[in-house]
Amino acid sequence: MRSRLHTPTSTNKHPWIKGIGFVMPAVFATAIGGVALHAQVEDAEADEVFQLDTYYVASGIKESLLLGVDYKKDSYQMVDVIVAEDIGKFPDNNVVEALQRVSGIQTTDRGGGEVSTVTIRGMTDVTTTVNGRDIFTASGRALALADIPASLLNRVDVYKTRSSSMIESGIAGVINIQTQRPFYYDGAKTVLAARTIYQEQSDEWDPTLSAMVSNTWDTDYGKFGALVNLSYATTHYRDQSVTPGAMVPFMTANPAPGWTPYERIFLTDGRVAENPIWQAGLESGLPYDAGSTLNINGVPTEYVLSRDAIFQSDFTGKRERPAANLSLQYAPKSGNAEYTFEVFYNGYRNKSFNSLLFSFVDWWGSLGDNPGANVDLFEGTNIVKARRDVGAVYGFNSGDQTESSTDSILYGLSGKWELTDKLTLKADLVYQDSEFETDFFAMRTDRVYESIDVDFNVDDGVPAFSFGGTNPTTDPAQWNIAQLYDNGNRNKGNAISFTADADYIPDLEFIEKVTFGFRYDDRDASESQRTADTGGLGQPLSNFPELQYYTTGFFDDRADIPETWVVADGNYIASHADEVRTIYNNAIGAGLDLDADLNLTESFSINEKTIAAYAQADFASQIAGRKLSGQLGARFVKMESDMLFRDLDTLEESTGDSSKSKVLPSFTVRYNLMENLMARFSYSQTIRRPAFVDLNAAITYVEDVTNIGYGTATGGNPGLDPTESTNYDFSLEYYFDDNGAVYGTAFRREIDGLVVPFRSRVNYEGYDYILTRPDNATDGELSGFEFGVVYFPTNLPDFLEGFGIQASYTMLDSEQSNPITNDVGEVVGYQKSPFFAVSDSSYSVVLAYEKSKFSARLSYVWRDDFLNNNEAALFANPLGIYRQAERSMDLQLSYNVTKDLVITFDATNLTDDMNHSYYEFSKTHNFGNYFFSRTFALGMRYVF
């Protein structure tokens with residue numbers, strides 16, 4: 001049972017508990033990851049504050065969920081909390097998977113055996129903190145949440161509104177990860193856990209191991225505590241996909257004079273007086289109504305839209321994640337101070353192999369005597385559904401190995417001093433360092449196929465295709481060794497931060513507490529890279545048996561496509577890199593450097609200093625005999641940046657600097673409409689800082705690799721301003737006596753200066769490129785509703801006692817105005833589109849059942865279609881790539897063999913669905929098709 005301790009206001013010593021960069025009074029029920037600091041006002045009309053200075057460990061699903069409800073109720077801010085079910089037992093494999101059941105949360109980018117990306121109410125710029133400290137990965141702004149193993153966690157807090165005492169960045173909100181600390185437990189505590197997880201697609205069993213050892217000692221000098229928490233996880237994964245290529249225009253069977261039937265119409269052509277003939281990268285693409293025309297020498301000429309290629313990928317790999325947390329605590333005998341020193345480390349090791357089969361379907365020179373008979377259109381459109389007997393098409397395969405690693409470490413030293421019963425001071429000094437490295441080594445092989453037959457959409461977006469000839473995909477003698485790609489990157493980040501907070505209890509009737517403080521942060525971020533590409537080797541793959549790798553059993557018979565093909569063995573060439581470089585150097589004079597992984601050039605280095613100061617007051621009063629309480633404050637932030645950029649071709653350097661400042665107000669009020677019914681309103685302003693890589697002024701040029709007629713170029717914009725958001729939230733929350741809550745929230749975000757890709761056509765060294773750079777080019781609005789319930793009914797029959805439900809539903813509506821540019825980059829209009837990664841609706845349902853020895857949890861998560869990303873602005877299809885609705889079902893079972901030993905079984909992605917993406921119009925503009933592995937796990941946890 002959850003315990004309730006009651007202390008009258010007159011004797012309260014007001015202990016303060018750190019939340020997220022701010023201090024929170026103990027009037028609020030606070031769950032410290034599976035540990036609850038629970039104080040509840042029994043009579044909503046009584047002006048009482050309760051103190052709790054004992055930690056309680058949650059035991060089981062029910063208590064875990066209800067402690068989260070308590071925290072939500074008693075916090076000023078709108079927050080959802082996921083609490084560990086027991087020491088070392090978090091409900092999911094990683095943080096991201098656990099978060100997908102929180103109302104307002106949507107997750108995406110499932111792959112590699114996990115979900116990796118989180119949005120809060122449709123926004124991706126989430127500020128991540130560990131024990132209230134801002135934390136990041138390498139040169140990024142946030143922590144890669146999937147890198148944090150669940151076994152290290154006590155709880156996860158999702159803050160959707162912001163007080164002035166909280167870190168100002170992140171329009172989406174704040175996700176705080178609370179790790180274990182020794183003072184959470186009395187005396188010695190040890191937890192050992194082991195799981196083995198079966199990845200169905202990779203057909204591998206993977207270990208996940210963790211251990212926590214904690215102890216406290218009461219001495220003549222005070223209380224000491226020490227805790228060590230270790231974790232190690234391995235994952236073998238396999239992701240498979242097949243994708244029709246982008247759309248481009250072709251002549252019909254009756255072409256313009258001087259053209260060939262079904263000849264591809266490039267952007268520019270010497271036979272046409274006015275170029276470009278058509279504009280690529282339009283938001284809605286070229287018209288696809290039957291009979292649509294292009295201007296060919298002044299004559300409206302009908303065209304069809306067909307795919308330029310078809311390709312499929314078998315992506316396999318092994319990922320390792322080591323992590324560790326050390327916490328040392330000391331409280332002097334006086335009891336008026338507490339000191340905590342912590343070290344938090346998380347690592348990432350990944351080696352992946354991508355086996356790619358790619359074929360063009362755009363050649364018009366070998367179509368037979370009656371090419372029109374071999375082309376099928378979608379009814380009522382000019383879109384090609386199928387093509388048959390397309391001869392002499394060029395194809396290439398690629399064996400790519402990518403090896404990546406991350407090492408991130410954070411050191412923190414904090415202190416708390418209760419100087420008087422009215423004044424408490426807190427200080428926190430943090431240093432962190434994070435580095436990400438990746439090496440990419442790939443070898444292409446190519447050939448000209450005899451012919452290809454392809455149906456781009458047989459059913460539900462899934463294509464079918466096959467090649468003519470004998471063993472066209474598997475005979476290494478038919479494949480020539482082509483280009484070699486040898487690239488690497490290193491991203492680094494470090495920061496030193498100091499935060500000081502003070503809480504003062506004034507002798508004022510309506511002001512319960514005044515909080516003020518400041519934060520100083522000195523952050524460095526840099527990125528380095530190397531690029532070495534070569535021409536083709538010009539020798540058949542059959543000459544090098546050691547380089548051959550055969551992909552087999554592809555796509556589980558879910559489509560009529562090639563199941564086997566031969567590629568260069570990416571794992572072999574990467575492990576014999578200098579040997580392969582020497583082959584290219586000797587054969588074609590490639591000039592590749594040996595030990596090339598040492599030769600990285602820094603592309604940018606940025607130093608950012610932030611100074612922030614805030615003041616806020618907690619107030620309380622009575623209206624109509626009911627308590628009204630809230631917070632009012634403001635935060636001032638000043639950001640100064642010094643930037644160094646380097647052109648990787650010429651090594652020419654340039655510099656820049658910026659200085660921005662902003663005052664961000666916040667206001668929250670809550671009112672008890674009835675004993676168990678609370679209304680809450682919040683107003684705040686927040687900012688989103690530009691990504692460091694988006695500030696990089698250097699431009700990278702990539703030549704045309706798909707025969708579109710021009711290359712692509714990308715660069716940053718050192719003049720980017722922070723994006724600003726004004727936030728409104730209103731909620732109604734009904735709390736059952738002791739078994740749950742139901743709530744609904746309406747919210748709105750008015751966002752100024754959204755950073756969006758801005759495109760223009762440039763000429764570099766005599767070649768045309770479409771340059772994409774970020775710019776504060778638009779504004780946007782996001783609004784919606786979210787509903788949630790946690791309920792464990794009482795007075796059920798014995799066999800149903802312990803049944804409960806957790807459910808949430810989110811509705812979102814987003815809109816941003818994207819600039820439309822002409823061929824030279826001039827804005828000629830705006831077109832509205834939704835935000836990226838925002839589903840209009842999503843929901844989750846969790847059914848829980850718990851008895852003294854057995855517990856079960858079945859969860860189902862669904863989200864609607866959403867705009868995932870933009871295609872390269874090179875083609876005739878609509879620019880946006882959407883993902884179709886996604887769903888997943890997970891199951892967790894546990895059995896208490898003894899009070900100390902628990903056996904668990906887990907299964908994820910039970911629906912085993914194929915996922916799909918499309919270009920805005922799903923029926924005719926299908927795109928990707930992919931499916932991911934189900935997992936099944938057995939585990940044990942021993943606590944003593």
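**Note on the predicted model**

1. Leucine 294 has threonine 301, in E18, as its bridge partner. The model is predicted. The two strands around this pair are E17 and E18 (residues 299-307), which run antiparallel and share four bridges.

2. The wider setting is an open sheet of three strands. Their order is E16-E18-E17, with antiparallel pairing. Strand E16 (247-251) and strand E17 (293-296) are the edges. Each has a single partner strand, so one side of each lacks a neighbour in the sheet. From one strand to the next, the twist averages 50°.

3. Now the surface. Leu328, Phe341, Tyr411, Leu413, Leu429, Tyr431, Ile496, Phe498, Phe518, Tyr520 and Ile611 make a nonpolar patch of about 930 Å². Four strands each supply at least two of the patch residues: E23 (394-418), E24 (423-448), E27 (480-504) and E28 (511-533).

4. Take one patch member, tyrosine 431, which is located in strand E24. Is tyrosine 431 buried, partly exposed or exposed? Its relative accessibility is 37%. Buried means under 20% and exposed means over 50%, with partly exposed in between. Tyrosine 431 therefore counts as partly exposed.

5. Then the interior. The largest nonpolar core holds 76 residues. Which of them touch the most other members? They are Trp278, Met443 and Phe465. Another core, of 37 residues, lies apart from that one. Its residues include Val96, Val102, Ile148 and Leu410.

How values were computed: Residues are numbered from 1 along each chain as its sequence is written. This is a predicted model: local features need pLDDT of at least 70, side-chain atom pairs count only at pLDDT 80 or more; totals for chains, interfaces and linings use all residues. Side-chain values use heavy atoms; hydrogens and water are left out. Two strands pair if DSSP finds at least two bridges between them. Axes are lines fitted to C-alpha atoms, for helices over the stretch in contact, and angles run from 0 to 180 degrees between N-to-C directions. Patches are made of residues with over 30% relative accessible area and no salt bridge: like charges are joined within 9 Å, nonpolar side chains (Val, Leu, Ile, Met, Phe, Trp, Tyr) within 5 Å. Accessible areas come from the Shrake-Rupley method with a 1.4 Å probe; for residues, only the protein chains shown count as cover. A salt bridge is a side-chain nitrogen of Lys or Arg within 4 Å of a carboxyl oxygen of Asp or Glu. Buried means under 20% relative accessible area, exposed over 50%, partly exposed in between (1.4 Å probe, protein chains only). A nonpolar core is a set of buried Ala, Val, Leu, Ile, Met, Phe, Trp, Tyr and Cys residues joined through side-chain atoms within 4.5 Å.
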